Amino acid sequence: MGQHASRRRFCAGACRAALVTGALGPLVGCGGGGGGGSASPSGTPTGQALPRLSGTLSGNTVSLTIDATSPLASVGGAAFVQAGPSQFLIARTGSAAFTVLTAICTHEMCAITGFADTRYVCPCHGSTFDRDGRVLVGPATAALRSFPSTFAGTVLVVAL
């Protein structure tokens, strides 16, 4: 009995030490939260959390009103947009130009919520995409799907 108790104590101590030093980090789970300058389980920075906006889904289009207080009001702004069950990454690239991408990572279908240095960052495994949806850093190998959009007045319309 003393030998088994000693072995259990050793194993418990070794596991605690591994957790404290981070050796078991990849085995502990994939937090999945994005932003705040945190790191993904692989140690890749996830960037800052994108501002979240709500769009209106109607048939095969999504509409989004962009007023002066919107994170998309000026060129260079970006946001995570939820419209019904659909999620998008939208960036303003010109006075009336936007890029609209799916917010679902092509690696393991995690929602991309981070943004760092004009790049979108998946919080699950660190895949990084440029504003056009091209993969910059894997493990994702496929680009994000893009959607055409039009902008008139203060309304952005995305065709699905």
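Which residue of strand 4 is the bridge partner of S58? In this predicted model, the bridge partner of S58 in strand 4 is T61, and that pair belongs to a hairpin formed by strand 3 and strand 4. The briefing below begins with this hairpin, then turns to an open sheet of 5 strands with the order 1-8-9-10-11, to the cysteines, among which a search of the whole structure finds 1 disulfide, and to the 2 salt bridges that the structure holds. It ends with T102, a residue of strand 7.

**Strands 3, 4 and 14**

- Strand 3, which covers residues 56-58, runs antiparallel to strand 4, and the two are joined by 3 bridges.
- The hairpin that strand 3 and strand 4 form has 2 residues between the strands, and G59, which lies in the turn, has a positive phi of about 60 degrees.
- Strand 4 is also joined to strand 14, residues 155-159, by 5 bridges, again with the two strands running antiparallel; within this pairing, T65 stands opposite V155 of strand 14.
- The two faces of strand 4 (residues 61-65) differ in their surroundings, since V62 and L64 make up a covered face, whereas T61, S63 and T65 make up an uncovered one.
- As a general background to such a pattern, the side chains of a regular strand alternate between the two faces of the sheet.

**The open sheet of 5 strands**

- The strand order in this open sheet is 1-8-9-10-11, and the pairing is antiparallel.
- Strand 1 (48-49) and strand 11 (135-137) stand at the edges, and because each has a single partner strand, one side of each is left without a neighbour in the sheet.
- At the strand 11 edge, strand 10, made of residues 128-129, pairs with strand 11 in the antiparallel sense over 2 bridges, and F129 is found opposite V135 of strand 11.
- In general, the strands of a sheet pair through backbone hydrogen bonds, in either a parallel or an antiparallel manner.

**Cysteines: one bonded pair and one unbonded pair**

- C110 and C124 form a disulfide in which the sulfur atoms are 2.2 Å apart, and the torsion about their S-S bond is about -105 degrees, so the disulfide is left-handed.
- This pair links distant parts of the chain that are 14 residues apart, with C110 in the loop between strand 7 and strand 8 (114-116) and C124 in the loop between strand 9 (119-121) and strand 10.
- Both partners lie below the 20% limit for burial: C110 counts as buried at 15% relative accessibility, and C124 counts as buried at 8%.
- The sulfur of C105 has its closest cysteine sulfur in C122, at 3.9 Å, which is too far for a bond, given that a disulfide requires the sulfur atoms to be within 2.5 Å.
- C122, for its part, is in no disulfide, the nearest cysteine sulfur being that of C105.
- C105 is buried, with a relative accessible area of 1%, and C122 is likewise buried, with a relative accessible area of 2%.

**Salt bridges around R134**

- R134 forms a salt bridge with D130, in which the closest N and O atoms are 2.9 Å apart, and the side chain of R134 also meets that of D132 in a salt bridge, with an N to O distance of 3.3 Å.
- Through these shared partners, the salt bridges join D130, D132 and R134 into one network.
- The members of the network differ in exposure, for R134 is partly exposed with a relative accessible area of 48%, D132 counts as partly exposed at 43%, and D130 is buried with a relative accessible area of 13%.
- D130 is placed in the loop between strand 10 and strand 11, and, leaving aside its neighbours within four places in sequence, D130 is in contact with L101, Y120 and L136.
- In general terms, side chains of opposite charge can pair when their charged atoms come close.

**T102 in strand 7**

- T102 lies in strand 7, which spans residues 98-102, and T102 counts as buried at 17% relative accessibility.
- A polar atom of the T102 side chain lies 3.3 Å from the backbone nitrogen of I104.
- Apart from neighbours within four places in sequence, T102 is in contact with Q87, F88, L89, L144, R145 and F147.

Notes. Residues are numbered from 1 along each chain as its sequence is written. This is a predicted model: local features need pLDDT of at least 70, side-chain atom pairs count only at pLDDT 80 or more; totals for chains, interfaces and linings use all residues. Side-chain values use heavy atoms; hydrogens and water are left out. Two strands pair if DSSP finds at least two bridges between them. Helices (H or I, at least four residues) and strands (E, at least two) are DSSP runs, numbered from the N terminus. Buried means under 20% relative accessible area, exposed over 50%, partly exposed in between (1.4 Å probe, protein chains only). A polar contact is a pair of N or O atoms within 3.5 Å; within protein, one must be able to donate a hydrogen and the other to accept it, and residues adjacent in sequence count only if both atoms are side-chain atoms. Contact means heavy atoms within 4.5 Å. A salt bridge is a side-chain nitrogen of Lys or Arg within 4 Å of a carboxyl oxygen of Asp or Glu.
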